[in-house]
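Let's take a walk through this structure together. Keep the view open and follow along as we go from one spot to the next.

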Amino acid sequence: MTAKETKKLEANIKEAAKVLSQSALNVALTGAGISVESGIPDFRSPGGLWERYDIMEYGSISAFRNNPEKVWKMLAEIGDTIKDAKPNRAHKGVGQIEQIGLLHTVITQNIDNLHQEGGTTNVIEYHGNFKTLSCLACARTYGIEKVDSEMPPKCTCGEILKPDIIFFGEAIPPEALRDSYELASSCGGLLVIGTSAQVTPANTIPGIAKQAGAGIIEINVEPTHLTTLVTDIFLPGKAGEIVPKLVDAAKELVSQ
Ligand code: NAD
């Protein structure tokens, strides 16, 4: 980054902090990119999961119901990376923005529980959580450790367990859908971090917020289709580097 670009980024971070501090209600929408620095690869970057597994063959609920053993080959890889992952500077920074009163809720598409572990209390899990598994036959639930003892993990009733995540073809949990819509339509600032915004309906949230008049701040290592369509302030870079700078700028404004 040139000196000029660094200066521009610093000015934009201050501007973003100002947007957050002047709004009565801010929301964050996060995606796989915020957890990349915790060692969990995203799905769409080169080398990502979808390059090796066909989405419909492995990622749909009908695929799981038809052949759970096969789908667990992919799920085992996800479970392995998620179970020992720790929150990074971006998750912790987002938690701090909530603590200083500038963030109401995080709507996350991630299934890794790292926002909660990083100190955020209000989290809407749009796509569920991989840290628990459920039996589709008898509804018993288990912790993710179950994957260490047998693969595919089974319920005591004999059925193969399903992680509590939303597969393609499954409905978004109604409460998550409703609450996210309400927050998006009433927020004054939306912080979008590490999402390619290709998965619906989560990717409608920035447009809904924009229409409601919110300032849209986007943090990503590269521009997305949101950047030109709805983003007001684009902060290029790794979430683990940009979010802590945003926290510092926000703290400075709050203490004034
Ligand atoms: P995606 O893989 O489609 O996009 C990730 C985005 O993050 C990209 O735009 C990329 O440029 C950006 N990015 C990568 N590294 C970054 C970094 N260090 N800092 C900032 N940005 C970075 O992810 P998505 O939009 O969230 O959609 C994928 C779906 O897959 C989601 O619905 C999610 O449920 C699931 N998923 C979850 C996890 C997880 O829980 N950690 C991981 C992979 C996929």
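Our starting point is N113, which you'll find in the loop between β2 (105-108) and α7 (114-117). Keep in mind that this is a predicted model. The backbone does something to look at here: phi of N113 is near 65°, a positive value in a residue other than glycine. Most residues other than glycine have a negative phi, and most peptide bonds are trans.

With that in mind, hop over to the loop between β7 (189-193) and α10 (205-211), where P201 sits. A cis peptide bond joins T200 to P201, with omega at about 0°. The loop between β7 and α10 also holds A197, and A197 has a positive phi, near 55°, though the residue isn't glycine. Is A197 buried or exposed? A197 is buried: its relative accessible area is 4%, and anything under 20% counts as buried.

There's another cis peptide bond to visit, this one between M151 and P152, with omega at about -5°. Look for P152 in the loop between α8 (146-149) and β6 (162-165).

Now for the ligand. Which residues come nearest to the ligand? Of the 27 around it, they are Q109, H127, T195, S196 and N220. Some of the contacts involve the backbone: a polar backbone atom of Q109 is 2.4 Å from an oxygen atom of the ligand, and a backbone N or O atom of I111 lies 2.8 Å from a ligand oxygen. S196 uses its side chain instead, with a polar atom there 2.5 Å from an oxygen atom of the ligand. On its own the ligand would expose 850 Å², and the protein buries 94% of that. The shell is a mix of 10 nonpolar, 11 polar and 6 charged residues. Domain 1 (1-40 + 87-127 + 172-256) and domain 2 (41-84 + 128-165) each contribute at least three residues to this shell.

Next, the largest nonpolar core. It has 28 residues, and W72, M74, L75, I78 and F130 touch the most other members. At least two residues of this core come from each of α2 (49-52), α4 (61-66), α5 (68-83) and β4 (128-134), with α5 giving the largest share, 6 residues. Why does this core lie between domain 1 and domain 2? Because both domains give residues to it.

Last stop: N26, in strand β1 (residues 26-30). N26 is buried, with a relative accessible area of 2%, and a polar atom of its side chain lies 2.8 Å from the backbone oxygen of L102.

Conventions
Residues are numbered from 1 along each chain as its sequence is written. This is a predicted model: local features need pLDDT of at least 70, side-chain atom pairs count only at pLDDT 80 or more; totals for chains, interfaces and linings use all residues. Side-chain values use heavy atoms; hydrogens and water are left out. A residue is near a molecule or strand if one of its heavy atoms lies within 4 Å of it. A polar contact is a pair of N or O atoms within 3.5 Å; within protein, one must be able to donate a hydrogen and the other to accept it, and residues adjacent in sequence count only if both atoms are side-chain atoms. Accessible areas come from the Shrake-Rupley method with a 1.4 Å probe; for residues, only the protein chains shown count as cover. Ala, Val, Leu, Ile, Met, Phe, Trp, Tyr, Cys and Pro count as nonpolar, Asp, Glu, Lys and Arg as charged, and the others, Gly among them, as polar. Domain bounds come from an automatic or database domain assignment. A nonpolar core is a set of buried Ala, Val, Leu, Ile, Met, Phe, Trp, Tyr and Cys residues joined through side-chain atoms within 4.5 Å. Buried means under 20% relative accessible area, exposed over 50%, partly exposed in between (1.4 Å probe, protein chains only). Helices (H or I, at least four residues) and strands (E, at least two) are DSSP runs, numbered from the N terminus.
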